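Dear colleague,

I am handing over the structure we spoke of, and below it you will find my notes on what turned up when I went through it. Please read them with the structure open beside you.

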Amino acid sequence: MTPDRARHLDLAVVGNSEVAAIIDAQARLIWMCLPRPDGDPVFSALLTKDAGDAEQGVFATDLVDLSYTKQSYVRNTAIVETIQRDARGGTIRITDFCPRFKARGRMFRPMMFVRVIERLEGRPVLRLRLRPTRNYGQPAESSGGGSHHIRFAAQDAKYRITTDASVSAMREDRLCVLENSLTFIIGPDETIEEAPGVFAHGLLQETRDYWQDWSRALAIPFDWQQEVIRAAITLKLCTYEDTGAVLAALTTSIPESANSGRNWDYRYCWMRDSYFVVQALNRLGVTKTMEGFLHYIDQVVAHSGVSDLKPLYRLGGDPEDHERTVDTLDGFLGMGPVRVGNGAANQLQNDVYGSVILAASQLFFDERLVRPGDTTLFTQLEGLGERAAALFDQPDAGPWEFRGFARAHTFPAAMSWAGCDRLARIAAHLGLTEKAGHWAARAESMREVILTRAWSEERKSFVASFDGADLDAAVLLLPELGLLRATDPRFLSTLEVIGQELRDGDLLFRYRHADDFGTPETAFTVCAFWYVNAIAAAGRLQEAREHFSRLLAYCNPVGLLSEDLDPRTGALWGNFPQTYSLVGVINSALRLSRSWEEAL
């Protein structure tokens, strides 16, 4: 059944792995942080109430008397096109993108957003609104300008808007008759020597060619190709290529459900989330993200050391350990609080060590890589393995980052086991026989403990924590990690219990028990994909394919997903776009698709 959802998060994302911008269905730029995605939101209307013409934090080129709008991505790119028509038949095309392409032997990905508006029919009239903010929602005043540009300053970046439109019309929110085309370039406070339209046209062509070439190189499945390509491109937009960091999402404080207070800042790099992103992109043949992430890990270790990894870090590799609320923004649909920073960085999350080892494992086995893993990297990973083995059965905040209690959670234990298991395989591959035996023995002893203490005879299921009773959708990943087979009677029983108690229609709650904020009201998007993969691995392939196809109907009109879904309405909630959710699309499609040989 197609979800009949409220359309709050019908948004599109453009970016270039340096900056990213979020565009709403009316082609308004409502979220963009500078100088990088965890910086000051210079366009912040995503987190304000709709205040009409007085709204701050928005860049809009509104078509007067708008009667029709349709938004889509240019095929196999990160370029968004919006077609709009007014009541008199005037029609325009708005093209939004962030430049990205190779130039002079290196990647050109400036801190820049480009908008081109073309007249297609009639005599369209636009109202230009330029309302940037600084310091999280405070109006930004211009620091100067010229005949074709206006300057502004964010907390850590100076930028300018260069245009061939009337600068006074932008300053004064005046109407503008579109005769041919208009160009707007938001970028560094530097002079653009060419005419804006000529400059933008060259950037657009190069950027289109780059993304189409990038997409062409993906090792995609036969079925659901468009969905996989869109998910892969969006995952790429959620990386910060300068350091190799992978963002959990591009936003902060979109609540997990209405007025829940479950508002978190996800603009950082989680070790766990990054592993899943790297794994999904590796499966598509995009190995450079893995290599970049491991470079990022080197920076993290330089800050924190091997023995004290935190769950998440800022994009530069430095710890993010201060969480605060700001009162200068109302919150998404007025639903505050708005949080900056994430206190989960101070939690114990024991899966971080296994996550890094898993992310690095392919380096030792993939012959395509220019710099494969060696004994030096293995020795560094062994330090992480020692921490994983020491902490696997100790209480922590778990994968869902509970703030009110700590338990010996099953999923972090399984991730720790997986890290040690992979060290044994790596050592064997490197010919380190003694080391291979050592880590194999460590992993086997951990496995026995997990399979004994995480199993509840009373529930006939693997449960959230050792010797506990609560259910947790994350245990659906135990076969994916290799801890046991998906056809093991204990896992088949777990699958049945989770299907009965955590499933709601096609969606799946991560847990049902009360937490720090009460009982969850929305399903966690990726959990439904975990369930699909689990029933497929258990032998129910046709059921899994049909279920997966229904899940794809929850994507917004341009194919993106957020963190959470309301089972009653299908509405998207939570931070956006959520990398976990897009990983779910890719992994399920790869598992469930027919082979090219079978299909052709």
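Tyr275, Phe276, Trp400, Phe524, Trp530 and Tyr580 are linked by ring pairs into a cluster; please bear in mind, here and throughout, that the model is a predicted one. In total, the structure holds 21 aromatic pairs. One of them joins Phe293 and Tyr296, whose ring centres lie 6.2 Å apart with the planes at 20°, and since planes under 30 degrees apart count as stacked, the pair is stacked. Both of these residues belong to helix H5 (residues 288-304), where they are three residues apart, about one turn of the helix, and both are buried. Another aromatic pair, that of Trp455 and Phe462, is edge-to-face, with 5.2 Å from centre to centre and 75° between the planes. Trp455 is buried at a relative accessible area of 18%, and Phe462 is buried at 1%.

Two arginines are also placed over aromatic rings: Arg512 has its charged end over the ring of Phe509, 3.9 Å from the centre, while Arg230 lies over the face of Tyr73, at 3.8 Å from the ring centre.

Arg230 is also among the buried residues of helix H3. This helix, residues 225-237, has 13 residues and reaches 18 Å from its first C-alpha to its last, close to the 18 Å expected at 1.5 Å a residue. Because ten of its 13 residues are buried, H3 is largely enclosed by the rest of the structure; the buried ones include Val228 and Ile229, and also Lys236 and Leu237.

Turning to empty space, the structure holds five cavities of 30 Å³ or more, and the largest has a volume of about 310 Å³. Of the 24 residues that line this largest cavity, Glu256, Tyr266, Trp400, Glu401 and Arg510 are the closest to its centre, and its lining is made up of twelve nonpolar, two polar and ten charged residues. Trp400 thus appears both here and in the ring cluster.

The second largest cavity holds about 170 Å³ of space, and of its 15 lining residues the closest to the centre are Phe276, Gln279, Leu477, Trp530 and Asn587. Its lining divides into nine nonpolar, four polar and two charged residues, with at least two residues supplied by each of helices H4 (271-283), H10 (478-481), H12 (525-537) and H14 (579-592). Phe276 and Trp530, named here, are also members of the ring cluster.

With best wishes

Definitions and conventions. Residues are numbered from 1 along each chain as its sequence is written. This is a predicted model: local features need pLDDT of at least 70, side-chain atom pairs count only at pLDDT 80 or more; totals for chains, interfaces and linings use all residues. Side-chain values use heavy atoms; hydrogens and water are left out. Helices (H or I, at least four residues) and strands (E, at least two) are DSSP runs, numbered from the N terminus. The expected span of a helix is 1.5 Å times one less than its number of residues. Buried means under 20% relative accessible area, exposed over 50%, partly exposed in between (1.4 Å probe, protein chains only). On a 1 Å grid over the protein atoms alone, a cavity is a set of points where a 1.4 Å probe fits but cannot get out, and a pocket is an open set with protein on both sides within 12 Å along at least five of seven lines; lining residues have an atom within 4 Å of a point. Grid points are joined across faces, edges and corners, and a volume is the space filled by probe spheres set on the points. Ala, Val, Leu, Ile, Met, Phe, Trp, Tyr, Cys and Pro count as nonpolar, Asp, Glu, Lys and Arg as charged, and the others, Gly among them, as polar. Rings of Phe, Tyr and Trp (its six-membered ring) pair if their centres lie within 6.5 Å; planes under 30 degrees apart count as stacked, over 60 as edge-to-face and the rest as tilted. A charge sits over a ring if NZ of Lys or CZ of Arg is within 6 Å of the ring centre and within 35 degrees of the ring normal.
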